[in-house]
Amino acid sequence: MATCVTPDAISSVLSNPSFDSSSDRPEIVVQVVDLKPIGNRYTFIANDGKAKVKAMFTASLAPDVISGTIQNLGLIRLIDFVVNDISSKSTKYFLVTKCEAVAPALDSEINLESDEEAPEFKKQKLEHTPAKLDVVSTGITLKPKQEFVAKSASQIMSEERGNAAPAARMAMTRRVHPLVSLNPYQGSWTIKVRVTNKGIMRNYKNARGEGCVFNVELTDEEGTQIQATMFNDAARKFYERFQLGKVYYISKGTLKLANKQFKTVQNDYEMTLNENSEVEEVSNEEMFVPETKFNFVPIEELGMYVNQKELIDLIGVVQSVSPTMSIRRKTDNEMIPKRDITLADESKKTVVVSLWNDLATGIGQELLDMADKSPVIAIKSLKVGDFQGVSVSTISRSNVVINPESPEAKKLKSWYDSEGKETSMSAIGSGMSPSAKNGSRSMYTDRVVLSHITSNPSLGEEKPVFFSTRGYISFIKPDQTMWYQACKTCNKKVTEAMDSGYWCEGCQKKDEECSLRYIMVVKVSDSTGETWFSSFNDEAEKMIGCSADELNKLRSEGGETNEFQTKLKEATWSSHIFRVSVTQNEYNGEKRQRVTVKGVAPIDFAAETRLLLQDISKKSQATSH
């Protein structure tokens, strides 16, 4: 077993992007330099004698550091690690997920760079004994630093605690909680998050008076996001303190269920900070750089989001950029800047996106300067309106990223360069009937009865087709698989670990708990027929009236009154408006129609009456002609 540093290992890894994931890679041994705690993890400099790179141990390796198995100036063998980017500095770092200690602390850093200073290190071979490391080829001895061996990481932290800054003291004295673990019923907690989006300060006026408010989107090391809102005194106190891109320790906030009307991130809860909340900036924080998470909607599917409360994320190739315009706002007659850009994607559809305020004058000008290069842009939190059929606008919390480093962006750019630029595009709003622009496209246009779907078995053969329909849930199979065990971070399916807890392949981590998410079928009926609808978590929650975890609890309780069966009966024969997609799936060599619920809404009887009157009017006009 080799017990020496591996010269040129770091440069080899950094020059080969797939090196870190290769199963047949050579053995890599590095020296740990400048080991120090950051929250519940440890960072260090990996040294191969010729090059150095920033590195971080995952939380699972913290016990080895605390016990002294892994030591500063000691040697470790890298068994499993990934290479990540520090996007703010265009540099890379190693995230070490598995390693083993090769040797305890040496009395100095290994340096193979200078032939003049240490020519003998070119043939360095170290044999590990409890007392010393001998360089066999030269007889040079590098003795362990006895004073370090006697110290554990907890002792080092204790020594540093006295001189630490307030933010560092907060991290050392209070355990940092991951965002995914927070809930409204928790006691005191401290989180470590980066500000990944910052809204503007807004003034409001309602029945309770006047005030100001602003919010920020916060992301932790695991990529979990939450929105934090501040009102009045708290807003004025923290508005300047929160800076986009910086990392903070936050405590003494409150959580509540997120208001879906104003929700901008995928989290069931939202946070409120008051003037007594604690917000401390973390200094020298470079490696913790969470990326903005997007949930892109293809341009051809934007119609189902018209005038809905739900915000969407969009990615597209910039085809044109308009000059800046000034628009007079109706509410206060103030002139505000606006700029329109046209985006296209692989659906061969285009849409006009309106950038407002600072985005129009800042990012908008950048896009105008580089429009001839057809950049790809990703925009988070957009509002879909019905101007010219379908239009998209930024809001105060929208975030624009030019040429993002993501698989979706690379795929889109490749498609556009190879064929997209020569393809004929059509606007998503073109060809829509006037009734399709009535502001309720997702639920009150493309309306069909169930027989229209069931009597057309070829629907959805080439690509998914979308309809709205009104119907009753007529049957829910009580013995079906109604949910799956999901990762609390990414919602992907997890498997039970060998010892305890659950393993997520997507996040590559184990968690002690998981959540249940619906994946079920319900039979839907109307006056013309019936068919099975497949539904996922958010839509199923609206139909059943509770979460999968709550329904599972009812099923496991038993008792004289079967609350589980009662809950399903309550959901049966309830009427809804459904937005569905129709596709073709192959099963045992046979194509079958699959109807998937994309949206569920209660029946608005006033809107349904207007729709019925429109249909009567159309039919009477057709009869008269």
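**View 1. F533 and F578 meet edge-to-face.** In this predicted model, F533 counts as buried because its relative accessibility is 0%. The same reasoning applies to its partner: F578 counts as buried because its relative accessibility is 0%. The two rings form an edge-to-face aromatic pair, 5.4 Å centre to centre and with 85 degrees between the planes. Which parts of the chain does this pair link? F533 belongs to strand β30 (residues 529-536) and F578 to strand β31, so the partners are distant, 45 residues apart.

**View 2. The largest nonpolar core gathers 30 residues.** Let us step back from the ring pair to the core around it. F533 and F578 are among the residues with the most contacts inside this core, a group that also includes I476, Y518, I544 and L551. Several elements give two or more residues to the core; among the helices are α11 (450-454), α12 (537-544), α13 (548-557) and α14 (563-571). Strands do so too, including β24 (465-475), β29 (515-526), β31 (575-587) and β32 (590-601). Which of these elements gives the most to the core? That is β29, with 5 residues. In soluble globular proteins, nonpolar side chains tend to be buried together.

**View 3. I544 and the residues it touches.** Leaving aside residues up to four places away in sequence, I544 touches I476, Y518 and M520, and also L551, K567, L568 and A571. Of these, I476, Y518 and L551 may look familiar, as they are listed with I544 among the residues with the most contacts inside the largest core.

**View 4. A second core stands separate from the one above.** This core has 29 residues. Look for L343, I377, V390 and V400, which are included in it.

**View 5. F238, F242 and Y248 form a cluster linked by ring pairs.** A search of the whole structure finds 11 aromatic pairs. One of them joins F242 and Y248 edge-to-face, at 5.2 Å centre to centre and 70 degrees between the planes. Are these two residues buried or exposed? F242 counts as buried because its relative accessibility is 0%, and Y248 counts as buried because its relative accessibility is 1%.

**View 6. Two charged ends sit over rings.** Here a charged side chain meets an aromatic one. The charged end of K198 lies over the ring of Y239, 4.1 Å from the ring centre. In the other case, R555 places its charged end over the ring of F564, 5.4 Å from the centre of that ring.

Note on methods: Residues are numbered from 1 along each chain as its sequence is written. This is a predicted model: local features need pLDDT of at least 70, side-chain atom pairs count only at pLDDT 80 or more; totals for chains, interfaces and linings use all residues. Side-chain values use heavy atoms; hydrogens and water are left out. A nonpolar core is a set of buried Ala, Val, Leu, Ile, Met, Phe, Trp, Tyr and Cys residues joined through side-chain atoms within 4.5 Å. Buried means under 20% relative accessible area, exposed over 50%, partly exposed in between (1.4 Å probe, protein chains only). Helices (H or I, at least four residues) and strands (E, at least two) are DSSP runs, numbered from the N terminus. Contact means heavy atoms within 4.5 Å. Rings of Phe, Tyr and Trp (its six-membered ring) pair if their centres lie within 6.5 Å; planes under 30 degrees apart count as stacked, over 60 as edge-to-face and the rest as tilted. A charge sits over a ring if NZ of Lys or CZ of Arg is within 6 Å of the ring centre and within 35 degrees of the ring normal.
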